[in-house]
Amino acid sequence: MPPELRLSEPAITGLDWLFARQRFGIHPGLGRVRALLALLGDPQQAYRVVLVGGTNGKGSTAATLAAILETSGERVGLFTSPHLTHFAERFRVAGEDLPNQTVAEALARVRPHAEAVEASFFEIVTTLGCLLFAEAGVTLAVMEVGLGGRLDATNALDPALSVITNVALDHTEILGDTLAAIAAEKAGILRAGRPAVSDVAAGLRPILEEEGADLWALGDVQTQSVGWEGWAVTLPLPQGQSLRFRTPLLGAHGARNAALAALAALRLGVTESVIRQGTEAVEWPGRMEVIPTVAGGRVLLDGAHNPAGAEALAAALSDLLPQLGLQRVPFIFGAAADKDLGGVAEVLRPLASRVILTRAVLSPRATHPAALAPLFEGLPVHLTDSPAEALALLESLQQPLAVVCGSLYLIGEVRPLLLGGAGEERERWQ
């Protein structure tokens, strides 16, 4: 069952100020965030840090690694972005979101210093996470990189271990329009002489190796689907042995992400028996997450918003649909205008019986549904003005399975509607 939404906590004060800073955009660079951390006493120095970067899969890799490390006895802070529904989701300690009041009080202390150095939205959020984790007494923080790596705010930290999942074309207007250029940006989170693990394609690996890190590449992982229960994974180890475990993450890409997290845990000294326990404990909402409906069907949520993510989703569906006697299913889709939406649609079309197009109403970056319609030519297409309208239409179809994918902002608005919760009514840019 999916994790429940918290319904009764008071809102976090100060979020109106913070969210307004989203409109100032993204300003890569480490000077401001370093200055802000210093003004707060460099809280990130109170614990070890693992940085997890990459184009796709970094969130599920970070979540799996956090679950393993928690099983090992570490008190773990998990920093991820963006949040789906509630801001406090970005800061998890020992597997739980921090209370809104705790986040609000810390944000109030960060604010005057953030204004003094003119920090950006994500720089403030990163610093806030560092402060919250220090005050919560974590022994290790798993920090998901926001954008790129070299100039991302998280790279102001000094990682004991760095993880790079993969490299694909995304955010090309900022990171570069070639895989080599993007790989070079991602490689910025590596540290000379420090341990690192990666699942980056072999042809791009020399770019990572230029940083001089003690880099282990994920090898020829063997995976076996166990259907809707996840995957069985066999991870080859450097000594010629292998580690076998299971993960509830769906899709072959989920299995590889879990394998990369297991490899990272080995480099941190975690035992194989603990890794086996930890990989089975991971939860990662909104990414290949199955939510039962009141009518007895299932909705699969996934943040596939670029062609590589769509290919991973399509491969997973090709494995899962036949187990339900299905070949095609209805899709609800919506995404930001700055993505390769044509590339995403091309991958998804063969698996769609019909497409319900919508938009995240809180995201000004969302593409209007009418502009998406030509991408799904040849399929029945329905235009809706909101996630609520899209779900109502889906319910009328009475299908055993449907897929909601695209922008994580869309997933963040759909998820509480399915679970009977409520979201935060604030504009979403980052």
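This talk goes through two sheets, two helices and the cysteines of one structure. The model is predicted.

I start with the bigger topic on my list, the mixed sheet. Eight strands form this open sheet, and their order is β4-β3-β2-β5-β1-β6-β7-β8. The pairing in it is mixed. At the edges are β4, residues 96-97, and β8, residues 214-217, each of which pairs on one side only. As a general reminder, strands of a sheet pair through backbone hydrogen bonds, either parallel or antiparallel.

Now to strand β5, which covers residues 140-144. Which strands stand beside β5 in the order? They are β2 and β1. Take β1 to begin with, residues 48-53: β1 and β5 are parallel and share five bridges. One residue pair to look for is Val-49 with its bridge partner Ala-141 in β5. On the other side, β2, residues 76-79, is joined to β5 by four bridges, and these two strands also run parallel. Here Leu-78 stands opposite Val-142 of β5.

How many of the residues of β5 are buried? Five of its five residues are, so the strand counts as mostly covered. In a regular strand the side chains alternate between the two faces of the sheet. In β5, one side carries Leu-140, Val-142 and Glu-144, and the other carries Ala-141 and Met-143. Both faces are covered, and the residues on each are buried. Please note that Glu-144 is in that buried set.

One step further along the order, β1 meets β6, residues 161-164. That pairing is parallel too, with four bridges. Val-52 of β1 has Val-163 as its bridge partner in β6.

Next, the other sheet. It is open, has three strands in the order β9-β10-β11, and its pairing is antiparallel. Its edge strands are β9, residues 222-225, and β11, and each pairs on one side only. From one strand to the next, the twist averages 15°. Between β10, residues 231-236, and β11 there are six bridges in the antiparallel sense. Pro-236 has Ser-242 of β11 as its bridge partner.

Strand β11 comes up again with helix α10. The helix spans residues 272-279, and its buried residues are Val-274, Ile-275, Gly-278 and Thr-279. Why are these four on the same side of α10? Because they cover an arc of only 125° around the axis. The general background is that an α-helix has 3.6 residues a turn, so residues three or four places apart point the same way. What covers the buried residues of α10? The cover includes β11, residues 242-247, together with α3, residues 58-71, and α9, residues 252-267.

The other helix I picked is α5, residues 121-135, which contains Phe-121. Is Phe-121 buried or exposed? Its relative accessibility is 0%, so Phe-121 counts as buried. For a sense of distance, take Ala-156, which is 35 residues from Phe-121 along the chain. The C-alpha atoms of the two are separated by 15 Å.

Last, the cysteines. How many disulfides are there? With a disulfide taken as a pair of cysteine sulfur atoms within 2.5 Å, the count comes to zero. Cys-130 has a relative accessibility of 0% and therefore counts as buried. Cys-405 is also at 0%, so Cys-405 counts as buried as well.

Notes. Residues numbered from 1 in each chain as written. Predicted model: local features only at pLDDT ≥ 70, side-chain atom pairs only at ≥ 80, totals over all residues. Heavy atoms only, no water. Buried < 20%, exposed > 50% of the residue type's maximum accessible area, 1.4 Å probe, protein only. Arc of directions from axis to C-beta. Contact = heavy atoms within 4.5 Å. Pairing = 2+ DSSP bridges. Axes fitted to C-alpha atoms, helices over the stretch in contact; angles between N-to-C directions.
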